[in-house]
Every structure is written in structure tokens, then in C-alpha cells.
Amino acid sequence: KSKISNAITICGEPFQCCPMPQAAMPTHPSVYVVLGVDQWGTWTVLDVGQTDESGDESQAAERQSCWTEKCPSKNLWFGLHSAPGPVNVTDRNVLAGRICAEHKPQCTPKA
């Protein structure tokens, strides 16, 4: 397990991170993660998704309440895949799938 910082690696891919209140959803399609950070600064992947997939509002609200429930410290961070250049949808799906397989996020809706 690694400590939270502004740049972390998940499944060999770079992610830019910031505390959730400062997070801005980008306009370009990308993979994002929601990280729960404990009092020791160690992060866990709570959720993974793609920025251009807007689920319905009730589902979004459910996911968000799950984040706070699974992160007792309430220290949530937002991580955005920071690979250079556009990442095509196949690569995004593969990456999101790899993160799900390796980190087993608890708030990601099962596809």
C-alpha cells in the first residue's frame, strides 16, 4: 500500500490526485478513481469510473454515500488518469477493468 500524493501509480498507470473538494471533472474522456485515505495517509480505491459516463443521479448519489461510508476518516481523494494524449475507449475499459480486478473497489456498480 502506498501513501497518498498528487501523483500515484495504479496498475502501472499514472494518476493525478487531489482532495475531493478541489476536484474538477475534466471535459475529456478519462478514467478516474475515488480514493479513501486513512489516518496514516494510505489510500484504497473505493470507486473507478470514466468521466464521460454519467450514470443517473440516484445511482451517483448512492455511490457517493458509499464513498463516505467506506472511508471512516472522510478523507476522500479524486484521481484522474494522466496519460498523455487521448486514451481510446477500449484502453479506458481495459484500465478500468484492471483496476477493478486488482483493487476490488467497493462502490463501483457491477457492469
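**Entry 1: strand β5**

I began with β5 and found this strand mostly covered, with 6 of its 7 residues buried. By buried I mean under 20% relative accessible area, with exposed being over 50% and partly exposed in between, using a 1.4 Å probe and protein chains only. Strands here are DSSP runs of E of at least two residues, helices are runs of H or I of at least four, and both are numbered from the N terminus.

A note to self on the source: this is a predicted model, where local features need pLDDT of at least 70 and side-chain atom pairs count only at pLDDT 80 or more, while totals for chains, interfaces and linings use all residues. Residues are numbered from 1 along each chain as its sequence is written, and side-chain values use heavy atoms, with hydrogens and water left out.

**Entry 2: partners of β5**

Which strands does β5 pair with? I count two strands as paired if DSSP finds at least two bridges between them. I found β2 joined to β5 (residues 75-81) by 5 bridges, the two running antiparallel. Strand β3 (residues 31-37) is also antiparallel to β5, and 6 bridges join them.

I then looked up the facing residues. On the β2 side, P19 stands opposite W77 of β5, and Q16 stands opposite L80. From β3, Y32 also has L80 of β5 opposite it. I like L80 as a landmark here, since Q16 and Y32 both lead to it.

**Entry 3: the β1-β2 hairpin**

Next I followed β2 to its other partner. Strand β1 (residues 7-10) runs antiparallel to β2 (residues 13-19), with 4 bridges between them. One facing pair is A7 with Q16 of β2. Q16 is thus a residue I met twice, opposite A7 and opposite L80.

The two strands form a hairpin with 2 residues between them. C11 sits in that loop between β1 and β2, and I read a positive phi of about 55 degrees for C11, although it is not a glycine. Most residues other than glycine have a negative phi, so I made a note of this one. Is C11 buried or exposed? C11 is buried, at a relative accessible area of 12%.

**Entry 4: C17**

While in strand β2 I stopped at C17. C17 counts as buried, with 6% relative accessibility. What does C17 touch, leaving aside its neighbours within four places in sequence? I listed S5, N6, I8, L35, W77, F78 and G79, taking contact to mean heavy atoms within 4.5 Å. For S5, 12 residues away along the chain, I noted a C-alpha separation of 6.8 Å from C17.

**Entry 5: V87 and K104**

I moved on to V87, in the loop between β5 and α2. V87 is partly exposed, at 22% relative accessibility. Apart from neighbours within four places in sequence, V87 is in contact with H81 and R92. I also checked V87 against C66, 21 residues apart along the chain, and got 28 Å between their C-alpha atoms.

K104 comes in the segment after α2 (89-103). K104 is not a glycine, yet has a positive phi of about 45 degrees. Unlike buried C11, K104 counts as exposed, at 58% relative accessibility.

**Entry 6: the whole chain**

Finally I stepped back. The protein has 2 helices and 5 strands, in the order β-β-β-β-α-β-α along the sequence. The radius of gyration is 13 Å, close to the 13 Å that the globule rule gives for 111 residues, so the protein is as compact as a globular protein of that length. I took the radius over C-alpha atoms, and the rule is 2.2 Å times the number of residues to the power 0.38. The C-alpha trace spans about 35 × 30 × 25 Å along its principal axes.

Of the 111 residues, 40% count as buried. Among contacts between residues at least 6 apart in sequence, 70% join residues at least 24 apart. The exposed area is about 6500 Å², with carbon and sulfur atoms supplying 54% of it; areas come from the Shrake-Rupley method with a 1.4 Å probe, and for residues only the protein chains shown count as cover.
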